[in-house]
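Me: I would like to go through the contact between two domains of this chain and ask, step by step, on what grounds each term is used.

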Amino acid sequence: MEKNRLSKILAAAGVASRRACEELIFEGHVKVNGQVVLVPQTLVNAETDLITVRDQPINKKEDKVYYLLNKPAGYICSARKTGQAKLVLDLFQDEGHRLFTVGRLDKDTQGLLIVTNDGHFANEVIHPSANIQKEYLAKTDQEISHEHLIAITNGTLVEGAFVKPIKVQKVRRGTLKIVIGEGKKREVRLLLNAAGLKVQELTRIRLGGLHLGPLPLGSWRPLTEIEKKLIFAQ
């Protein structure tokens, strides 16, 4: 019988994205036949080996599902609940699959978020080589001037790296659209803060060629096959 890398099997079973599965393995949460395995490249057989994550057996085969969510502010993109934190996955309580978010939006950011159980798909979307653009609508605390736009366009340091947006456009008095590439943690907020603007509301409205559209805040729906492909089209 065919053997595959442990991280690949976990992703295919809908545990998480390939990258997140590797982290679970490194952290010692994965066992094969009762033994902790710390190497993601370990070859295992999904049919004959007992594979557990946090002592819960993985699903051998699972239908793949893909959802578009309009994430509300106040929810975090995590599978672990700490204290009274509200999780994005709480919005999918009756869905029935073991789901995870494709990438992350910070707690205070709302808008377009993909939720799935397909680790391979998630890895394709979040991998830097996909070069998928993300577009945000930002409402700020003051009127946006030409100087603000220049400052944002010139970029800033984020996580020790210098980043610049792909496009910045004023929409209304205190509102702008901003398009970024790979997207580092809180990148849009830091770009605007560096220009002297405080973000009051931030919404992701586009991922690649997929637009959020009129989906109500806090609601979700299945993605169509065409929409899945649109993500990879700019």
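Reply: What follows concerns a predicted model, taken one question at a time.

Me: What makes domain 2 a domain here, and which residues belong to it?

Reply: The bounds come from an automatic or database domain assignment, which gives domain 2 as 66-129 + 210-231, beside domain 1 (4-57) and domain 3 (133-207).

Me: How do you know that domain 2 and domain 3 are in contact, and how many residues take part?

Reply: Contact requires heavy atoms within 4.5 Å, and 16 residues from domain 2 and eleven residues from domain 3 enter into it. Between them the two domains bury about 1100 Å², with 49% of that area on carbon and sulfur atoms. On the side of domain 2, Asp 106, Gln 110 and Leu 112 supply 36% of the area buried against domain 3, more than any other three residues.

Me: Why is the pair of Arg 189 and Asp 106 called a salt bridge?

Reply: The closest N and O atoms of Arg 189 and Asp 106 are 3.3 Å apart, and the cut-off between a side-chain nitrogen of Lys or Arg and a carboxyl oxygen of Asp or Glu is 4 Å, so the pair qualifies. The count between domain 2 and domain 3 is two salt bridges.

Me: Which element gives the most to the side of domain 2 that touches domain 3?

Reply: That element is β11, with six residues, and the residues of this side as a whole divide into ten nonpolar, four polar and two charged.

Key:
Residues are numbered from 1 along each chain as its sequence is written. This is a predicted model: local features need pLDDT of at least 70, side-chain atom pairs count only at pLDDT 80 or more; totals for chains, interfaces and linings use all residues. Side-chain values use heavy atoms; hydrogens and water are left out. Buried area is the accessible area (1.4 Å probe) that two parts lose on being put together, summed over both. Helices (H or I, at least four residues) and strands (E, at least two) are DSSP runs, numbered from the N terminus. Ala, Val, Leu, Ile, Met, Phe, Trp, Tyr, Cys and Pro count as nonpolar, Asp, Glu, Lys and Arg as charged, and the others, Gly among them, as polar.
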